[in-house]
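Please find below my comments on the model, set out as numbered points for checking beside the coordinates.

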Amino acid sequence: TYRMRTVMWNGKYWEARTVDNGELSGKFNAIAGDSQGRMHLAYANVYAMAASVRYAYWDGQSWTREMVDGREQNNAELVGYSVCIALDRKGQPHLSYVNYSDPTLKYAVRSGGKWQVQAVDRMAATAYPDRNSIVVDHDGRPYLGYYDLRLGILKVAWPDGPKWVVDVVDRNAAGFTSSMQIHDNVLWISYGDQGIGGVKVARRELPFLTEGKAR
């Protein structure tokens with residue numbers, strides 16, 4: 001079995017800590033650091049009876065854990081695959097992840113001390129062990145990158161008011177394990193192309209809320 005653990009340099013040596021000792025906790029983990037140097041973790045528990053998305057943050061002395069989404073909120077389905085995390089300018093965490101049992105991309109943001117969860121897009125099939133990607137722009141708008149295995153397409157989704165806009169980035173089995181960044185108002189995304197067996201990069205200027213497919 002495995003547990004969610006971290007290793008940090010304390011100035012003298014590397015110090016290992018257990019963040020979550022729940023059975024099968026720690027898969028699909030992602031980490032982000034805020035402006036105060038505090039670490040934020042997002043990860044999955046993939047044990048069938050406790051499948052969930054979890055979040056933890058380091059306050060300088062200890063780790064605090066929170067449950068984001070789980071079986072109880074999803075008709076006993078498996079959630080938490082392909083987890084990724086990004087922080088906005090205020091240090092609030094934004095998460096992207098997948099409901100594996102009923103292939104759906106989900107998004108969660110912690111605001112006012114509570115988690116707000118949304119279903120973003122239905123997928124034909126999820127890839128395993130895939131990695132979603134998420135990045136937040138200057139205005140706090142999240143952009144989610146994800147791969148639909150059965151259709152073989154890479155998508156990016158972002159909110160436009162109460163709806164989500166979904167745009168196709170690439171096709172033909174391209175899009176596995178993506179990573180995103182924003183620089184000089186340009187959204188960059190890198191990903192694997194299983195069709196040609198290589199790595200690809202795509203970019204697009206922001207904002208582009210008038211294009212794509214509204215859902």
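The points that follow deal in turn with the basis of the model, one strand and its partners, the cores, a pocket and some backbone details.

1. This is a predicted model, in which local features need pLDDT of at least 70 and side-chain atom pairs count only at pLDDT 80 or more, while totals for chains, interfaces and linings use all residues. Residues are numbered from 1 along each chain as its sequence is written, and side-chain values use heavy atoms, with hydrogens and water left out.

2. I begin with strand β8, which spans residues 93-99 and has seven of its seven residues buried; helices (H or I, at least four residues) and strands (E, at least two) are DSSP runs, numbered from the N terminus. Buried means under 20% relative accessible area, exposed over 50% and partly exposed in between, with a 1.4 Å probe and protein chains only. Cover is found on both faces of the strand, with Pro93, Leu95, Tyr97 and Asn99 buried on one side and His94, Ser96 and Val98 buried on the other.

3. On the side of the preceding partner, β7 (residues 79-87) runs antiparallel to β8 and is joined to it by six bridges, where pairing requires that DSSP finds at least two bridges between two strands. Tyr81 lies opposite Val98 of β8 in this arrangement. The two strands form a hairpin with five residues between them, and Gly91 in the turn has a positive phi of about 85°.

4. The other partner is β9 (residues 104-111), which pairs with β8 in the antiparallel sense over six bridges. Here Tyr97 is opposite Lys106 of β9, and a hairpin is again formed, with four residues between β8 and β9.

5. The largest nonpolar core contains 33 residues, and Leu95 and Leu144 are among those with the most contacts inside it; β7 gives the largest share of this core, six residues. A second, separate core has 13 residues, including Leu154, Ala174, Leu187 and Ile189. A nonpolar core is here a set of buried Ala, Val, Leu, Ile, Met, Phe, Trp, Tyr and Cys residues joined through side-chain atoms within 4.5 Å.

6. Which residues does Leu144 touch, not counting those up to four places away in sequence? With contact taken as heavy atoms within 4.5 Å, they include Ser96, Leu105, Tyr107, Val120, Trp164 and Met180.

7. The largest pocket has a volume of about 220 Å³, and of the 17 residues that line this pocket, Ala86, Ile134, Val135, Met180 and Gln181 are the closest to its centre. On a 1 Å grid over the protein atoms alone, a pocket is an open set of points where a 1.4 Å probe fits, with protein on both sides within 12 Å along at least five of seven lines, and lining residues have an atom within 4 Å of a point. At least two lining residues come from each of β7, β11 (133-136) and β15 (174-183).

8. Some backbone details deserve a look. The peptide bond from Tyr128 to Pro129 is cis, with omega near 0°, and Pro129 sits in the loop between β10 (114-122) and β11. In the loop between β14 (163-170) and β15, Asn172 has a positive phi of about 60° although it is not a glycine, and Asn172 is exposed at a relative accessible area of 67%. Ala173, found in the loop between β14 and β15, has a positive phi near 65° and is partly exposed, at 26% relative accessibility.

How values were computed
Grid points are joined across faces, edges and corners, and a volume is the space filled by probe spheres set on the points.
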